[in-house]
Amino acid sequence: MNKQIQKSFFNVRALCFIATIVLFWSCEDNQKDDFGREDFDPSKPVRIDSFEPDSGGMATKVFIHGSNFGSDLSKIEVYFNESRAPVVGSDGSHLYVITPRQPGREVTISVVSNGKTAVFGGKKYLYRTMTTVTTLTGRKGTTAFQGGTLAEATFQYPSTLCIDAEGNLFLSHWRVPYCFVLISPEKNLVQAVYPGSNDGIDAFGAPTADADGKVIMVPTDGGDGYYSFDPDAQWAPKSRLMLHPSQEQIALGLAKDWSLTNAWKHGMSACLLDKCIYTRFYNGNLVKFDPVTRQGTQVAENLMTGDDSYPFFDPYQTNILYIAYPSKHCIYTYDILTGVHELFAGVEAASGYLDGDRKSARFNCPSQLVVDNDGSIYVADRYNHCIRRITPDGMVSTAIGKGGISGYQDGNPEDALFWEPRGVAIDKNGYIYVAEWGNNVVRRLAVE
């Protein structure tokens, strides 16, 4: 009851303050007026006394109390850590601002007015991350691919994803038919840029954009083959082969060749460090090639032989390649500078569902993964029917979905349900897209 009274009191204060701000805007006189609005005094410091509420998520209204803020909004800046907050109004001693997106967990609030800065040295503002999931395209229960608008499109077994610098999604689609699909949220368009077939010859693995985020490459399941899709060629498919090194290059130690025995490959990833594309074969060979010359060389061998894999380069630690091994239920890292291949998260060959420290956490067929703007890793935990998060400090949690419970439900983390999420991609705004094998849809996670 007390909390309800406090909340009502806060809402009344907020409404009164907003109403006052509206009246401020209606006045043309910038001097102190009948409403008590105060101009900035250059002889006095800017001071923050308090703020309320003490926590919230993106777009939460925050009121900052203090002195000498001034009333000219063009000369007032408010920061939540390093993130600038929109300033709605000021009467000189009260600021009305909006919480920016993901400024950090513990936030220091600072105000800059007319070049003078005040930093609040008391309590921190606690930012609450809120995650919601919606269906971007597709319909549960469909049994074939059909292009069209986002509302019209249907899928059967959408598999893995990548996204280019322009925000276009690319989807490896399995079954009826096996094809490669462009999804443009901006243009409200879903179309097959490679029509594929019904016999599995063109079963595509996890795609990648090149290091510039422009040209898309996707591996075919076996051998040295892959396809490239260039926007300058209107996304026309081009069948390509990774080129093996010559005998002379091998003899001089300039490159290593690789074996094509058991040479299925389920993913590619672009490295920002050397601009090459890396792929790992079922037989454990890790191979890289130049996307322009297609010249390839073996980087490592015998990396977890006899398993599929989903590789993804860390965009911040650019020498680190994460490799999810689905049938081993774990994630490894490979350091391309040192050659060290080591367990990163999960317990090798032990499936299960357990949050906590990354070394003791359990996964059940971890599939494609991505790294967000804060360095957290999001993993499509396929048979646990959820999306897991691994934070930079090594803690595993369930970002959304209910571990071990399949279903189809949009909404918040308490309500949302998935059925065999297999692919994930992230755009420059931090939105995470999920290709959901079981429900035949592509979902979007807004982490705010």
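On a 1 Å grid over the protein atoms alone, a pocket is an open set of points with protein on both sides within 12 Å along at least five of seven lines, a cavity is a set where a 1.4 Å probe fits but cannot get out, and lining residues have an atom within 4 Å of a point. The structure described here is a predicted model, in which local features need pLDDT of at least 70 and side-chain atom pairs count only at pLDDT 80 or more, while totals for chains, interfaces and linings use all residues. Residues are numbered from 1 along each chain as its sequence is written, and side-chain values use heavy atoms, with hydrogens and water left out.

A good place to start is the pockets. The largest pocket has a volume of about 720 Å³, a volume being the space filled by probe spheres set on grid points that are joined across faces, edges and corners. Its lining comprises 34 residues, and Ile 163, Ala 209, Phe 312, Pro 315 and Ile 426 lie nearest the centre. Two or more lining residues come from each of the strands S13 (158-163), S17 (208-209), S21 (265-270), S25 (310-313), S30 and S34 (421-426); strands (E, at least two residues) are DSSP runs numbered from the N terminus. By class, this lining holds 21 nonpolar, six polar and seven charged residues. Here Ala, Val, Leu, Ile, Met, Phe, Trp, Tyr, Cys and Pro count as nonpolar, Asp, Glu, Lys and Arg as charged, and the others, Gly among them, as polar.

The second largest pocket encloses about 440 Å³. Of the 18 residues that line it, Arg 105, Thr 129, Asp 374, Ser 376 and Arg 389 lie nearest its centre. Seven nonpolar, six polar and five charged residues make up this lining.

Turning to the closed spaces, there are two cavities of 30 Å³ or more. The largest cavity has a volume of about 60 Å³, and its lining includes Asp 374, Tyr 378 and Ile 426. Asp 374 thus appears in the lining of the second largest pocket and in that of the largest cavity. The second largest cavity, of about 30 Å³, has Trp 174, His 266 and Arg 422 among its lining residues.

S30, met above in the largest pocket, also belongs to an open, antiparallel sheet of five strands in the order S29-S33-S32-S31-S30. Strands S29 (356-357) and S30 (366-371) are at the edges with a single partner strand each, so one side of each is left without a neighbour in the sheet. Strands pair if DSSP finds at least two bridges between them, and four bridges join S30 to the antiparallel strand S31 (residues 377-381). One of the bridge pairs links Val 371 with Ile 377 in S31.

A second open sheet has four strands in the order S5-S4-S9-S10, again with antiparallel pairing. Its edges are S5 (83-85) and S10 (116-119), each with a single partner strand, so one side of each is left without a neighbour in the sheet. Strand S9 (residues 109-113) is joined to S10 by four bridges, and Val 112 stands opposite Thr 117 in S10.

S4 and S9 also take part in the largest nonpolar core, each supplying at least two residues. Such a core is a set of buried Ala, Val, Leu, Ile, Met, Phe, Trp, Tyr and Cys residues joined through side-chain atoms within 4.5 Å, where buried means under 20% relative accessible area (1.4 Å probe, protein chains only). This core has 21 residues, and Ile 64, Val 78 and Phe 80 are among those with the most contacts inside it. S4 gives the most, with three residues.

Methods: Buried means under 20% relative accessible area, exposed over 50%, partly exposed in between (1.4 Å probe, protein chains only).
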